[in-house]
Amino acid sequence: MTRPFRFGVNMVIAATGDEWRRKCRKAEALGYDVILVADHLGMPAPFSSVVAAAEATERPRVGTFVLNTGFWNPTLLAREVATADALTGGRLELGLGTGYVKSEHDAAGLPWGTPGERVTHLRRTVEELDRLFASDEFQPQPRQQPRPPILIGGNGDRMLELTAEHADIAAFTGAKAAPGDSSGKMTHLTPDELDERVAVYQRFAARRPEPAELNLLIQLVEVTGDRRKAVQQVLEYVPHLTEDAALGLPLLLIGTVRQIADQLRAQRERYGFSYITVLEPYFEAFGPVMEELAGE
């Protein structure tokens with residue numbers, strides 16, 4: 001069954017209280033279904049930000065996209081999650097990831113570890129959250145029962161297996177960490193590479209009683225009548241790709257409103273991505289696309 005589209009904006013720019021509320025209300029007015037906050041040093045703190053977003057709005061859900069679980073002790077995280085879910089009236093969605101920027105862990109005085117150790121910590125975090133929220137002795141309890149929906153983002157096989165086992169929402173970035181790089185530099189996935197990653201996830205998810213919602217993070221939105229001119233800004237980051245190949249990257253939305261809407265329809269058909277997240281710098285430009293896709 002094809003899921004209807006759902007749209008989120010990932011807020012990454014710090015703001016004063018008035019500015020933050022104004023941005024969140026703008027996102028609601030444009031039609032976003034979810035207001036999300038990242039978890040990186042130098043950006044807004046996630047839980048206080050999502051509570052403020054919920055207080056400033058009425059309709060959108062709010063969430064983390066995604067928590068760097070290496071920053072968090074599972075028991076203390078459970079307290080934050082339960083409190084935020086209560087304060088937002090049960091509108092919280094909990095996004096979790098392993099983290100991919102070593103310098104942030106160094107700055108926080110926290111261990112970085114191997115990729116395997118980071119995935120193990122994420123698995124332990126998810127399992128501990130489930131254990132704590134299932135216990136009547138743990139307080140406070142979240143408003144949503146048995147817990148808020150969990151989104152997990154990642155591309156590696158172990159992450160996809162964990163996502164298939166535990167996540168209500170499986171998030172794909174359309175990119176992967178550059179081999180041997182821990183600075184946060186990402187390499188874009190081609191359509192075929194993304195096909196392969198989604199197929200791996202689907203194999204792991206074959207035993208799920210209910211299918212998860214699939215999410216894609218969009219890196220660029222540009223509404224334009226000249227796609228080839230607009231893609232030039234991207235080519236310096238993907239010098240190995242032709243113009244046509246760059247325009248075909250799933251995480252880039254370049255073209256007229258109709259072209260972008262058609263691309264998202266095609267990607268939903270091909271990969272199953274019905275939940276689309278855009279970055280804050282593009283959230284106003286994406287508004288007409290949401291209007292075009294309303295109700296689909």
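**Overall build, a helix pair and a pocket**

With 296 residues, the protein chain would be expected to have a radius of gyration near 19 Å if it were a compact globule, and its 19 Å agrees with that. The radius is taken over C-alpha atoms, and the globule rule is 2.2 Å times the number of residues to the power 0.38. This is a predicted model, in which local features need pLDDT of at least 70 and side-chain atom pairs count only at pLDDT 80 or more, while totals for chains, interfaces and linings use all residues. Residues are numbered from 1 along each chain as its sequence is written, and side-chain values use heavy atoms, with hydrogens and water left out.

Along its principal axes, the C-alpha trace spans about 60 × 40 × 40 Å. The chain's secondary structure comes to 12 helices and 13 strands, these being DSSP runs numbered from the N terminus (helices are H or I, at least four residues; strands are E, at least two).

Now for one pair of helices. Helix α5 (residues 115-133) packs with helix α6 (residues 157-166) at an angle of about 10°, and their axes lie 10 Å apart. That makes α5 roughly parallel to α6. Axes here are lines fitted to C-alpha atoms, for helices over the stretch in contact, with angles running from 0 to 180 degrees between N-to-C directions; angles under 35 degrees count as roughly parallel, over 145 as roughly antiparallel, 65 to 115 as roughly perpendicular and the rest as oblique. On the α5 side, the residues that meet α6 include Val 119, Leu 122 and Val 126, and their partners in α6 include Met 159 and Leu 162. Contact means heavy atoms within 4.5 Å. By class, this contact has five nonpolar, three polar and five charged residues (Ala, Val, Leu, Ile, Met, Phe, Trp, Tyr, Cys and Pro count as nonpolar, Asp, Glu, Lys and Arg as charged, and the others, Gly among them, as polar).

The loop between α5 and β6 (150-153) holds Pro 140, and Pro 146 sits in that loop too. The peptide bond from Gln 139 to Pro 140 is cis, with omega near 0°. Another cis peptide bond joins Gln 145 and Pro 146, where omega is about 5°.

Finally, helix α11 gives three residues to the lining of the second largest pocket, the largest share. By class, that lining has seven nonpolar, four polar and five charged residues. A pocket is an open set of points on a 1 Å grid over the protein atoms alone, where a 1.4 Å probe fits, with protein on both sides within 12 Å along at least five of seven lines; lining residues have an atom within 4 Å of a point.
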